[in-house]
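Please work through the following exercises with the sequence and the model side by side, attempting each task before reading its solution.

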Amino acid sequence: MVQITDVVCPLCGCVCDDIVVEVEDNRVTKVRGACAVGKSKLMGHGRIKSPAIRENGALKDCSYDEAIKKAAEILAAARRPLLYGWSSTVCEAAKVGVELAEEIGAVIDNTASVCHGPSVLAIQDVGLPSCTLGEVKNRASLIIYWGSNPTSAHGNHMKRYSYISKGYFLPGGKKDRKLVVVDVRETKTAKMADKFLRVEPGKDYLVFSALRAILYGYEDVVPDEVGGVSKKDLLEVASMMKEVQFGIIFFGMGVTHSRGRHNNIVNAIQTTRAAHTHTKFNIMPMRGHYNVAGFNQVCTWETGFPFAVDLSLGYPWYNPGETSSTDLLIRRECDAALIIASDPGAHFPGESVKHLAKIPVIQIDPFPNPTTEFADVVIPTAISGIESEGSVYRMDNIPLRVRKLVDTEYMSDEEVMKRILEEVRAIKAKEGE
Amino acid sequence: MVEELLIRNGVVYDPINGVKGEKKDICIRDGKIVEEVKNPKVIDAEGRVVMPGGVDIHAHIAGGKVNSGRLFRPEDGRKGAEPKTKVCRVQSGYSVPNTFATGYRYARMGYTFVMEPAMPPLAARHTHEELIDIPILDNAALPLIDNNWMTMEYVKSGDIDLLAAYIAWMIKATKGYGVKIVNPGGTEAWAWAKNCDLNDAVPYFDVTPAEIVKSLAEANEKFEMPHSIHVHGNMLGHPGNYVVTMKTFDLVKGIRAYRDRPVLHGTHVQFHSYGGTRWGDFESQAKAIADYINSNEHVSIDIGSIILGDTTTMTADGPMEYSLYQITGRKWTNHDVELETGTGITPFLYSGKVSVHTIQWAIGQELALLIKDPWKVALTTDHPNAGPFIGYPILISMLMNKRRRDESAEEMHSAIFDRAELPSIDREYDFYEIAIITRAMAAKTLGLAEHGKGHLGVGADGDVAIYDITPEERDDAGKIQKAFLNAKYTIKGGEIVVKDGEVVAAPQGRTFFVTPECDEKLMDEMLTKLKDTFEHYYSVSFANYPVQDAYVPNPYEIRAPWRS
Amino acid sequence: MKMGVKVKLISGRTVAQGQNLDNKLSDEYFSAVAFCELNATDMTKIGVSPGENVKVSTKYGEVVVKAKQGAGNPEGVAFIPMGPWANAVVSGDTKGAGMPQYKGIDAEIEKTEEQVLQIRELMRQYMR
């Protein structure tokens, strides 16, 4: 039995890096310090056993060579290929993805497209006053979760970084802090709050506007009730914001997914800036996966743009709403897709899935999932962060390195991507002759 | 790669070896300059200007804030978008080019080494990942070690030896090159939305920026460090700040540098040479700074000179960036980094129609022209803060040609005539002096000359730039600008990477880093405190913090022993 | 004539859903995700008890899932964990912003005797 400390959890955007894992007979047998969801990832699940190619509706096992060759043929022949996913694998694989996208003129996109894409759009509008998670831990005496439910999605967030953590200037932890939660329903997180604001679905934008008005000293324009929240409550929260030395808003899908989309986030950021006229206030998106931010970083420094990058014209072209995965699929423009480290079969709107099921799809993933049900080529890989190491970026964009805990026979995502790229180049070279 | 290369008929400017425009053969074998070659590929330079590959002492090209700049400015990304070619990956961006464009464009300007000057230690891996993706250029990065809690606590207790152990550990852990200081104390204060002037006490830590600078200079000189402390002083951008600048320089006057180099390198000093009391009476005080540099030997500077047009400002000077955003109302990103530093980013447009920008534009050039000894000056734009590096050829042509400066001044705000010195300066740089301020000085000041950079003596790296201009054409400002933008040839480690202004090869560069050597007992004592800090206050674990070898695939290590 | 209730439908993460991210073809995932949480009053309105099935209909599509009581749900707000059942009724229209509307969808919920489709059957619907 081997004990490995300082393990970096490869699940959510918290990227907790103090996990302790016991490995026996090349398997993770015990996990300490992770939340329930992280622990589940580290303990493992049933795998795709072999590469496969679909013939007459059924997946037939084959070799890696055959699957890679078939994948390359599909991608080389495609006129509008999409390379999607990336958020649950490491940056090293993403880099090969960008190179492949350049080679075949693909659109490359990641799960931010259906997650914090609106946040990126908002940042491109107004910027983002933010900080690293340790700043929150050490300084933030007011924590606001808006449209975010960490008890469900980021299990250790409050304990490691925010409400329950102990910091240099806040050694009393919870006793030294206040928690405000804004949501459409009373979640477990909301139950912990000092103040819970229940907002009507789709009305967050109005509530942000009202809060901004109050923070700028225009409370007289705010009606008695905004979006289901009373003016009294808004005044109270605004006071709480003004009184602290350092406050933070964490926001999630509640505001990116609902009516208004990126406009909600622009308003959230502007509200933060309004608070900043009184005191130090920051805001941070709760990134869902352990490397969704990492893909955006790689894509940005390599192409200039963070996601939904269209390379079909040779140079990078970025226009979410036009080049994002959902739009490409709904418009039925896409004629082939490589799906890696993600599961659009489960997480895309039905209409997108309908089109995906029609076109040739290559799936690169350790685990079988709804996408596997219609994938035409399936290539199982090593689990990043357990069976292969690599570079990842936490929700606050701090870079960490996930570890290799056990040995594996599976190829890594990076290796498979490299092989596909090689094959594609060989096919194109042959065509050129 | 061709094994042997011979460049003949070039007019060589190699200041470190005292070569001032001599017709000279340059011989390269296996990537290094040698005495002679037997069977080389020959390049006939046909009388053109030949210099060592450019060495840039300060340009923000890799890391978190650079990428935040790219991410939030897709409008910048759309400029300069180029498809991939057989040799080159896709390119995009103007003030915040993607990593590939960064490497290609610098190489096309004849540069072969660039220093990333501000690496937040907690995010060092990010800087290194981007450096890996910058083609051709050799590189290094300076970790920020001045607003760090450990630093301030040792400064307060006066434990310079322990401070030295800490900076040694930091430079090692981040695979960094030296000590970077940015708005010392002020960026920590910014985590509470405050700032610090040179002699203000930092909230809670109760040390002054002055004490931080002095202590770090002392700690730096405990080692045989190749480079001095690299300082972005307090009050950047404020009218009247030239006083703070000189006071900052004075702080370290008594400290003995380990070798023949300054004790302090002041960076983008244009932003720190401001007179007046407010924007209304804003004026240049470049003369005062130049006088100071002329009468002192312990300071070197790089100019941080303005390029007119749109750019993206990005520094670890959080409060300054916030002020800039308040002035312009444009988008603003901030990123405070726990226990260490911070970042602010906001776009900015320098306009020749605005009096303040016009004076700023003059100041950078005044510094270069009024400082007598070019060995104390490096040409920079603090890319992208004062402008993108792609503007260097414009600056070179200005420094070499008074008429061009005068013509430009005519089209700018008239304030340049009564609140700046530039119109009254006749001096013109020659190619030799340009070679000093664009390569030789930086190589020397960074301690890279003996590691092969910045010169063409035997044993140096085969990094050569051949510019499409002859010495006789030195008065043709337009030709100068064109020549320095797209080199006739750039040779990197003996390989031709640029030909006729186009990139023809894109080998990977090396990352230079320093390993300071420190007494174990001292290190252990510091580590006890450091590990405790990690356990209680950092959000990452001590074991996961240092940059792993995988992030530096092409390393070049320079040891810095403890001075006896 | 079946009694339906109009709600705003949201979808999102749960712990059990997260624990089965890599286990989606299993019974555990099915139990974790193929349900709709409703306020008690809304459940009474349509005459459904926890554990019985409901049909959720939106402009885009319809899906049958198990009914559960959501203690924190106000009246008129229904929650289905993110996943293929929720996405069967989510529209792909991003309104030019790139993002589908996963939350705040106008939906009608009524009791049904129809069965909840297992995941493989659900996916097969897309493959016709």
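The exercises below deal with a sheet, a helix, a pair of domains and a hairpin.

This is a predicted model, in which local features need pLDDT of at least 70 and side-chain atom pairs count only at pLDDT 80 or more, while totals for chains, interfaces and linings use all residues. Residues are numbered from 1 along each chain as its sequence is written, and chains are lettered from A and ligands numbered from 1 in the order in which they are written.

**Exercise 1.** Determine the strand order of the open sheet in chain A, and then find which helices pack on the sheet.

*Solution.* Helices (H or I, at least four residues) and strands (E, at least two) are DSSP runs, numbered from the N terminus, and two strands pair if DSSP finds at least two bridges between them. On that basis, 5 strands of chain A follow one another in the order β11-β10-β9-β14-β15, with parallel pairing. The edges are β11 (195–198) and β15 (280–285) of chain A, each of which pairs on one side only. Next, β14 (residues 246–251) of chain A is joined to β15(A) by 6 bridges in the parallel sense, and A:Phe246 stands opposite A:Lys280 in β15(A). Helix α10 (residues 231–243) of chain A packs on the sheet, touching β9, β10, β11, β14 and β15 of chain A, whereas helix α12 (residues 262–276) of chain A touches β9, β14 and β15 of chain A.

**Exercise 2.** Establish how many residues of helix α4 (residues 117–126) of chain A are buried, and what they pack against.

*Solution.* A residue is buried if 20 or more other C-beta atoms, placed from the backbone, lie within 10 Å of its own. By this criterion 9 of the 10 residues of α4(A) are buried, so the helix is largely enclosed by the rest of the structure. The buried residues pack against α11, α12 and β15 of chain A, together with α1, α2 and β16 of chain B. After α4(A) comes A:Gly127, whose phi is positive, near 85 degrees.

**Exercise 3.** Describe how β1 (residues 4–14) of chain B pairs with β2 (residues 19–29) of chain B.

*Solution.* These two strands of chain B pair in the antiparallel sense over 9 bridges, and B:Gly10 stands opposite B:Lys24 in β2(B). They form a hairpin with 4 residues between them, and B:Gly18 in the turn has a positive phi of about 70 degrees. Finally, β1(B) runs parallel to β4 (residues 41–44) of chain B, to which 4 bridges join it.

**Exercise 4.** Find the domains of chain A and the separation of their centres.

*Solution.* The bounds, which come from an automatic or database domain assignment, give domain 1 (47–114 + 290–432) and domain 2 (117–285) of chain A. Their centres, taken over C-alpha atoms, are separated by 34 Å.

Terms used. Two residues are in contact if their C-beta atoms, placed from the backbone, lie within 7 Å. Axes are lines fitted to C-alpha atoms, for helices over the stretch in contact, and angles run from 0 to 180 degrees between N-to-C directions. A residue is buried if 20 or more other C-beta atoms lie within 10 Å of its own, exposed if 12 or fewer, and partly exposed in between; C-beta atoms are placed from the backbone.
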